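I opened the notebook today to look up a few residues and strands, and then to step back to the whole chain. The entries follow the order in which I looked.

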Amino acid sequence: MSSDVVAGFKAAFRGYPTGVAIISVAGPDGPVGLTASSVASVSLAPPALSFSVMDSPSALVIAGARSLVVNLLGAAHAGLAHDFARPGGPRFTPEQGWTTLPTGEPALRDAQAVLRCVPLHRVPVGASTVVVAEVTSVVTGGPDGRLVYHERRFLTERR
């Protein structure tokens, strides 16, 4: 593939605003999570979503998990999204507002929505894995405004 196509592809999606989520799992050595801007609704019957993860240690744990939580973020979570997007950022601290679901996964108490999921399909694509997961439970929070990833920045808008 030509470098022009890769550069154009990056530029196209850098300028395409997306919502922001933290995908979290109960890993074998403790909770694991990362920021994702690739979450999309896939189906209503069954309720399903998709996301992709790059080839990193956290992504490998998430891609292989038997269950996971998609925490949809709002305007108050820009700092948290940044922390989970960079290696070595603070994760799962008490002041960040994490709790543990009865099924063992970490969930963000004040997320706009917490969607517990069970993976249906894992599709390797280059250095990424696309995960399609059935949503088994949903807890919605109050409206907090928007958090959007655009031009390599987290942008907020309060309601």
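**Entry 1: Ser 24.** I began with the side chain of Ser 24, and in this predicted model one of its polar atoms lies 2.7 Å from the backbone oxygen of Pro 106. I noted that Ser 24 lies in strand S2, and that its relative accessible area is 0%, so I entered Ser 24 as buried. I then listed what Ser 24 touches, not counting residues up to four places away in sequence: Val 32, Gly 33, Leu 68, Val 69, Asn 71, Phe 92, Trp 98 and Pro 106.

**Entry 2: from S2 to S6 and S9.** Since Ser 24 lies in strand S2, I next looked up a partner of that strand. Strand S2, residues 21-27, and S6 pair in the antiparallel sense over four bridges, and in this pairing I found that Ile 23 has Val 70 of S6 as its bridge partner. S6 is also joined to strand S9, residues 113-125, by five bridges, and these two run antiparallel as well; here Leu 72 has Ala 113 of S9 as its bridge partner. Is S6, at residues 68-72, enclosed or open? I checked its residues for burial and found that four of the five are buried, so I recorded S6 as largely enclosed by the rest of the structure.

**Entry 3: Ser 50.** I looked up a second serine, Ser 50, which is found in strand S5, residues 47-54. Its relative accessibility is 15%, and because the cut-off for buried is under 20%, Ser 50 counts as buried. Leaving aside neighbours within four places in sequence, I found Ser 50 in contact with Ser 38, Val 39, Ala 40, Val 42, Val 131 and Val 132.

**Entry 4: Arg 91.** I turned from the strands to a loop, the one between H3 and strand S7 (98-100), where Arg 91 is found. Which backbone oxygens does the side chain of Arg 91 reach? I found the backbone oxygen of Phe 84 at 2.9 Å, and that of Arg 86 at 3.3 Å. Both residues also appear among the contacts of Arg 91 beyond four places in sequence, which I listed as Gly 33, Asp 83, Phe 84, Ala 85, Arg 86 and Gln 96. The relative accessibility of Arg 91 is 27%, so I entered Arg 91 as partly exposed, the range for that class being 20% to 50%. I also took one distance, from Arg 91 to Leu 73: they are 18 residues apart in sequence, and their C-alpha atoms are 15 Å apart in space.

**Entry 5: the sheet of S1, S11 and S12.** I then followed an open sheet of three strands, which has the order S1-S11-S12 and antiparallel pairing. Its edge strands are S1 (18-19) and S12 (153-157), each of which pairs on one side only. Helix H3, residues 78-85, packs on this sheet and touches S11 and S12, and I noted that its direction makes about 165 degrees with that of S12.

I went through the two pairings in turn. S1 and strand S11, residues 146-150, are paired in the antiparallel sense over two bridges, with Val 148 in S11 as the bridge partner of Gly 19. S11 and S12 run antiparallel and are joined by five bridges, and here I noted Thr 156 in S12 as the bridge partner of Leu 147. The hairpin of S11 and S12 has two residues between the strands, and in this hairpin Glu 151 takes a positive phi near 55 degrees.

**Entry 6: the whole protein.** Finally I stepped back and noted three helices and twelve strands in the protein. The radius of gyration is 15 Å, close to the 15 Å that the globule rule gives for 159 residues, so I entered the protein as being as compact as a globular protein of that length. Along the principal axes, the C-alpha atoms fill a box of roughly 50 × 35 × 35 Å. Of the 159 residues, 38% count as buried, and the protein exposes about 9,000 Å², of which carbon and sulfur atoms supply 58%. I closed with the contacts between residues at least 6 apart in sequence, and found that 62% of these join residues at least 24 apart.

Note on methods
Residues are numbered from 1 along each chain as its sequence is written. This is a predicted model: local features need pLDDT of at least 70, side-chain atom pairs count only at pLDDT 80 or more; totals for chains, interfaces and linings use all residues. Side-chain values use heavy atoms; hydrogens and water are left out. Two strands pair if DSSP finds at least two bridges between them. Contact means heavy atoms within 4.5 Å. Axes are lines fitted to C-alpha atoms, for helices over the stretch in contact, and angles run from 0 to 180 degrees between N-to-C directions. The radius of gyration is taken over C-alpha atoms; the globule rule is 2.2 Å times the number of residues to the power 0.38. Buried means under 20% relative accessible area, exposed over 50%, partly exposed in between (1.4 Å probe, protein chains only). Accessible areas come from the Shrake-Rupley method with a 1.4 Å probe; for residues, only the protein chains shown count as cover. A polar contact is a pair of N or O atoms within 3.5 Å; within protein, one must be able to donate a hydrogen and the other to accept it, and residues adjacent in sequence count only if both atoms are side-chain atoms.
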